[in-house]
Amino acid sequence: MSTPSGRLPTGAPLTPAERAAERYTDGEWHRLHPATPLLRGGIVFIALFGFVLSNLRERLISFFVGAPNYGGDPLDAIYDHGWEGWALLGVAVVLLLCFGAFYLSWRMHSFRITGDAVEVRSGILFRTQRKARLDRIQGINVVRPLIARIFGAAKLDISVAGHDANVQLAYLGSSLADGLRADVLRLASGVRAAEAAEAEAAVAGTGADGAGPSRAAAVGDLVGRRVNEFLAPELDPNAAPPESVVKIPPLRLLGSLLLSGFTVFVVVVVAILIWGASSGAFWLLIVVLPGLLGSASFYINRFTKSLRYSIAGTADGVRVGFGLLSTSNETLPPGRIHAVEVLQPLLWRPFGWWQIRIDTAGHSREKGAAGQPNTTMLPVGDARDVSRVLSLVLPGFATDEHRGLIEAGMSSRGRDEFTGSPRRAAWIRPLSWQRTGFRLVDDAILLRRGIVWRSLAIVPLARLQSLELEQGPLDAALALAGARFHTVSGPVRPRLAAIDAPTGVRLFEEVSARAVAASAADRSHRWGRTTPDPAPRPEETP
């Protein structure tokens with residue numbers, strides 16, 4: 001049975017992957033996937049192969065086509081001087097050094113997961129150690145590049161609040177990465193692992209009886225697992241209820257890419273190119289044509305990266321996944337979202353499409369869908385998708401009353417239950433003054449603005465850092481004021497302009513009081529606990 005926010009209950013039984021990953025959360029140091037040196041250092045071998053191939057190109061052309069040999073080939077010089085043995089020895093030494101360095105790097109790169117942190121130490125000559133506290137985790141991203149998927153490996157990127165504070169485990173076994181993500185989230189939520197007796201019973205029940213599988217059967221099983229990993233859906237159907245999953249149709253995704261600001265730029269460039277060709281300025285072809293060809297790869301890359309995009313509610317937060325060849329899926333625990341913005345570009349308005357962006361205290365190093373930052377929760381969706389996504393990221397907005405407020409904030413022209421700007425604001429906001437407004441509801445504030453680019457920002461008061469009330473000379477002459485709601489750094493800029501000055505003062509006082517109360521009552525950092533944290537003991541006075 002799912003919770004009102006569309007998430008599965010936290011008491012669900014552990015999956016086999018989570019059971020297998022439990023032994024890595026014992027507080028001891030463990031090593032990464034054996035193929036890590038190849039996956040992380042393979043670029044060196046690619047560079048060496050490219051160097052050798054570039055020096056063999058003339059010899060290959062001569063061999064296949066019969067072109068004349070003009071000399072200058074390094075291999076000819078080696079052959080003429082009789083240095084073949086030394087050259088082979090040099091290549092062997094370089095390869096041995098590379099393999100030795102990669103192996104030593106793998107041996108010196110280890111991680112451990114304790115009850116309060118994830119630690120990684122690495123380096124051969126210069127040692128580094130990074131530590132991510134569980135209560136500071138903002139999200140966990142499992143990334144599977146195409147080459148890594150062939151080896152059954154994945155990266156685990158743990159986003160932590162702070163500048164350059166992320167901890168990355170690259171690479172782990174694919175199923176192990178999924179299991180470790182679940183275990184780390186369970187530790188961070190305050191839910192302890194299963195009892196040791198159950199784990200021992202599970203291990204004892206899986207003891208080997210008789211002879212092990214044959215080598216052919218083992219190879220067949222390995223190939224079968226790799227094929228299943230490629231064909232399996234991004235999100236395990238058991239991890240989220242089907243009604244909470246939001247998907248993007250490919251045609252809508254393609255339309256949103258074509259109806260973007262970049263397309264407008266491309267159309268302008270093509271128009272200039274046609275004008276230049278008709279007027280005899282053919283040099284424009286040399287300057288502009290390579291960029292136009294590159295724009296085609298831009299569209300293809302964004303489209304393929306956004307395929308299989310899905311958003312769903314799980315027991316440990318919101319899961320966002322995407323990717324066709326290289327895949328990525330990130331889990332954002334409850335209470336880690338500091339601000340949400342629903343926006344609509346002008347070209348999307350006839351189709352009723354919207355986009356959702358968020359602010360979080362930490363971001364994954366990997367790019368999100370369509371090469372966008374991982375702060376984009378919904379690249380494109382209709383009003384129903386927006387309602388479902390908001391009910392996942394802000395569970396308190398899952399009621400019919402809140403849905404009505406969201407719809408008014410998205411498309412209303414003003415003069416409704418939102419507190420709007422006075423008529424005199426038309427002197428400085430002639431187009432958008434009627435739409436500008438705010439609404440305080442429960443422990444959040446809704447900010448509506450924009451007539452060309454419609455925007456609705458939602459700020460949970462428990463995440464508000466500070467509030468600024470400003471008034472310039474023109475605002476003072478019209479008895480107006482502006483407000484800025486400061487959260488963590490991100491794409492969302494919660495602000496209001498041209499509101500009534502006395503109303504702004506009252507807003508400042510009310511938001512300040514509510515923010516303090518909401519922050520004191522917030523328990524989302526330990527979302528798995530059924531009882532509140534114990535209150536601090538008062539200090540004794542003499």
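# Exercises on a predicted model

In this predicted model, strand β3 (residues 117-122) is joined to β4 by 6 bridges, and the two run antiparallel.

## Exercise 1: the sheet around β3

Task: Place β3 and β4 in their sheet, and find which strands stand at its edges.

Solution.
- Step 1. Take one register point: A117 has R133 as its bridge partner in β4.
- Step 2. Widen the view. The open sheet has 4 strands, ordered β1-β2-β3-β4, with antiparallel pairing.
- Step 3. Read off the edges. β1 (30-31) and β4 (128-133) each have a single partner strand, so one side of each lacks a neighbour in the sheet.
- Step 4. Recall the principle: strands of a sheet pair through backbone hydrogen bonds, either parallel or antiparallel.

## Exercise 2: salt bridges

Task: Classify the salt-bridge partners of D135, D400 and E470 as buried, partly exposed or exposed.

Solution.
- Step 1. Fix the cut-offs: buried is under 20% relative accessible area, exposed is over 50%, and partly exposed lies in between.
- Step 2. Start with D135. Its partner is R133, with the closest N and O atoms 2.6 Å apart. R133 is at 44% relative accessibility, so it is partly exposed. D135, at 31%, is also partly exposed.
- Step 3. Go to D400. It bridges to R403, and the closest N and O atoms are 2.8 Å apart. Both residues sit in helix α13, 3 residues apart, about one turn of the helix. R403 has a relative accessible area of 31% and is therefore partly exposed. D400 reaches 63% and counts as exposed.
- Step 4. Finish with E470. Its side chain meets that of R484 at 3.3 Å, N to O. E470 is in strand β19 (residues 466-470) and R484 in strand β20 (residues 480-486), so the bridge ties together parts 14 residues apart in sequence. R484 is partly exposed at 36%, and E470 is partly exposed at 31%.
- Step 5. Look beyond pairs. Shared partners link R144, D178 and R181 into one salt-bridge network. The model's salt bridges number 15.

## Exercise 3: the largest nonpolar core

Task: Find which element gives the most residues to the largest nonpolar core, and list what V340 touches.

Solution.
- Step 1. Size the core: it has 38 residues. Those with the most contacts inside it are I311, V340, I356, L390, V393, L446 and I458.
- Step 2. Name contributors. Elements giving two or more residues include β12 (337-344), β13 (354-360), α12 (383-393) and β18 (454-460).
- Step 3. Pick the top one: α12, with 5 residues.
- Step 4. Trace V340. Leaving out residues up to four places away in sequence, it touches I356, R357, I358, L390, V393, L394, L456, A457, I458 and V492.
- Step 5. Add the core that lies apart. This other core has 27 residues, among them A21, L32, I113 and L172.

## Exercise 4: the faces of α15

Task: Check the span of α15, then decide how its buried residues are arranged.

Solution.
- Step 1. Test the length. Helix α15 (residues 501-521) has 21 residues, which at 1.5 Å a residue should span 30 Å; the end C-alpha atoms are 30 Å apart, in agreement.
- Step 2. List the buried residues: A501, T503, G504, L507, V511, A515 and A518.
- Step 3. Look down the axis. The buried residues of α15 fall within an arc of 115 degrees, so they line one face of the helix.
- Step 4. Turn to the other side, where R506, E509, V516 and A520 are exposed.
- Step 5. Identify the cover. The buried residues are covered by elements including β15 (419-420), β16 (437-441), β17, β19, β20 and β21 (495-500).

Notes:
Residues are numbered from 1 along each chain as its sequence is written. This is a predicted model: local features need pLDDT of at least 70, side-chain atom pairs count only at pLDDT 80 or more; totals for chains, interfaces and linings use all residues. Side-chain values use heavy atoms; hydrogens and water are left out. A nonpolar core is a set of buried Ala, Val, Leu, Ile, Met, Phe, Trp, Tyr and Cys residues joined through side-chain atoms within 4.5 Å. Buried means under 20% relative accessible area, exposed over 50%, partly exposed in between (1.4 Å probe, protein chains only). Contact means heavy atoms within 4.5 Å. A salt bridge is a side-chain nitrogen of Lys or Arg within 4 Å of a carboxyl oxygen of Asp or Glu. Two strands pair if DSSP finds at least two bridges between them. The expected span of a helix is 1.5 Å times one less than its number of residues. The arc is that of the directions from the helix axis to the C-beta atoms.
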